[in-house]
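User: I'm new to this one and would like a close look at a single part: the packed interior. Could you walk me through it and then tie it to the rest of the chain?

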Amino acid sequence: MRLLERARKEWFMVGIVVAIGAAKLEPSVGVNGGPLKPEITVSYIAVATIFFNSGLSLKTEELTSALVHFKLHLFIQIFTLAFFPATIWLFLQLLSVTSINEWLLKGLQTVGCMPPPVSSAVILTKAVGGNEAAAIFNSAFGSFLGIVVTPLLLLLFLGSSSSVPFTSIFSQLFMTVVVPLIIGQIVHRYIRDWLERKKPPFGMVSSSVLLMIIYTTFCDTFSNPHIDLDTFSLLLILFIIVSVQLSFMLLTFIFSTRNNSVFTPADTVAIIFCSTHKSLTLGIPMLKIVFAGHEHLSLISVPLLIYHPAQILLGSVLVPTIKSWMVSRQKGVKLMRPTV
């Protein structure tokens with residue numbers, strides 16, 4: 001199972017490169033009005049497919065067991081959807097005086113506004129042996145919360161860049177995100193036993209559809225002669241993203257392990273991953289809606305496309321270190337307990 005999961009992650013990262021390469025070779029195929037008709041197949045069908053698939057695979061009963069950890073959930077959601085975007089905004093005020101492409105900087109802000117992913121934080125928390133139930137709940141709850149909060153944050157920080165009316169954003173999000181999720185959950189109740197036996201490749205389905213979205217997004221980029229992406233800005237954004245991830249992981253670790261903390265070592269593991277990971281599956285479709293028709297959409301999407309594989313790679317590298325810390329801390333807690 002672990003090898004299959006690793007192969008799927010590697011396949012998706014290769015898929016991103018192939019999708020961008022294919023868009024560069026023949027961008028006319030995936031532009032609006034082209035043979036793929038992305039204004040229909042991507043904006044509606046592909047996005048709805050992703051969230052129906054998520055609703056079908058989500059085990060609601062596993063999430064209810066984590067509801068009692070109120071302080072843990074509050075910490076993660078406030079950090080992810082308030083502290084993270086606000087800190088990025090302050091940081092970008094400093095970067096705005098540099099020569100970095102302004103649309104890449106706006107893309108960094110969109111990363112800060114995104115909710116946690118449904119899968120990667122859970123997978124890494126489980127790999128370490130942390131509080132998996134809390135990771136599942138916060139990833140799922142954060143995704144639902146993000147449907148409302150993320151568009152608000154995007155309009156708050158980048159409102160002048162959006163050409164879509166506020167009501168249109170929420171109506172389209174409701175029809176392509178909320179409704180498919182609800183339908184997926186309803187269908188899940190009726191075919192639960194079959195899903196447990198067959199274990200369909202939900203991750204592969206969502207990843208395949210997502211690659212189509214990424215492909216059409218970059219088709220728009222390469223078909224626009226007015227877009228200029230310099231290598232220096234791109235490399236600098238990569239460095240900034242890795243630095244941001246490490247800094248926020250360290251911050252969540254410090255906050256959750258202070259002397260008067262109510263969190264266990266297993267809780268801290270869930271906090272580190274859930275608070276710092278950002279959803280590509282939710283993010284790209286939302287950007288497609290909020291910035292529909294915007295000539296710099298693909299540049300705005302670049303930081304999120306970098307952030308997603310970087311968080312998986314960085315998290316995977318840190319799993320042994322975090323696991324070693326958690327095990328040693330748990331042993332220390334057991335030794336401190338008085339014997340009866």
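**A look inside**

Analyst: Let's start with one residue: Thr268 counts as buried, because its relative accessibility is 1%, and buried means under 20%. Keep in mind that this is a predicted model. Thr268 sits in helix 12, which covers residues 265-276. What does Thr268 touch, not counting residues up to four places away in sequence? The answer is Phe253, Ser256, Thr257, Phe263 and Trp325.

One of those partners, Phe263, takes us to the nonpolar cores. The largest nonpolar core has 59 residues, and Ile213, Ile214 and Ile237 have the most contacts inside it. Helix 14, residues 297-336, gives the most to this core, with nine residues. A second, separate core has 24 residues, including Phe263 along with Ala135, Ala270 and Val319. So Phe263, a contact of Thr268, is part of that second core, because a nonpolar core is a set of buried residues of certain kinds joined through side-chain atoms within 4.5 Å.

Back to Ile213 in the largest core. Leaving aside neighbours within four places in sequence, Ile213 is in contact with Val42, Ala46, Val47 and Ile50, and also with Ile284, Pro285 and Lys288. Ile284, Pro285 and Lys288 are among the buried residues of helix 13. How many of the residues of helix 13 are buried? Helix 13 runs over residues 280-290, and 10 of its 11 residues are buried, so this helix is mostly covered. Also on the buried list for helix 13 are Leu280, Leu282, Gly283, Met286, Leu287, Ile289 and Val290.

Now for the outside. Phe83, Leu250, Ile254 and Phe255 make a nonpolar surface patch of about 340 Å². Helix 11, residues 231-256, gives the most to that patch, with three residues, and Leu250 is found in helix 11.

Two more residues are worth a stop. Leu25 is in helix 1, which spans residues 2-25. Is Leu25 buried or exposed? Leu25 counts as exposed, because its relative accessibility is 73% and the cut-off for exposed is over 50%. Leu25 and Cys219 are 194 residues apart in sequence, yet 9.1 Å apart in space, C-alpha to C-alpha. Ile191 lies in the loop between helix 8 (166-190) and helix 9 (192-198). Ile191 has a relative accessible area of 29%, so it is partly exposed. Ile191 and Leu56 are 135 residues apart in sequence and 9.3 Å apart in space, C-alpha to C-alpha.

Pairs like those lead to the whole chain. Among contacts between residues at least 6 apart in sequence, 84% join residues at least 24 apart. The chain has 14 helices and zero strands. Buried residues make up 50% of the 340 residues. The accessible surface comes to about 16,500 Å², and 69% of it belongs to carbon and sulfur atoms.

Last, a word on confidence. The chain averages a pLDDT of 80, and 84% of the residues score at least 70. Over residues 160-164 the pLDDT is below 50, though this stretch has 14 contacts in the model beyond near neighbours in sequence.

Note on methods. Residues are numbered from 1 along each chain as its sequence is written. Side-chain values use heavy atoms; hydrogens and water are left out. Helices (H or I, at least four residues) and strands (E, at least two) are DSSP runs, numbered from the N terminus. Buried means under 20% relative accessible area, exposed over 50%, partly exposed in between (1.4 Å probe, protein chains only). Patches are made of residues with over 30% relative accessible area and no salt bridge: like charges are joined within 9 Å, nonpolar side chains (Val, Leu, Ile, Met, Phe, Trp, Tyr) within 5 Å. Accessible areas come from the Shrake-Rupley method with a 1.4 Å probe; for residues, only the protein chains shown count as cover. A salt bridge is a side-chain nitrogen of Lys or Arg within 4 Å of a carboxyl oxygen of Asp or Glu. Contact means heavy atoms within 4.5 Å. pLDDT is the predictor's confidence in each residue, from 0 to 100.
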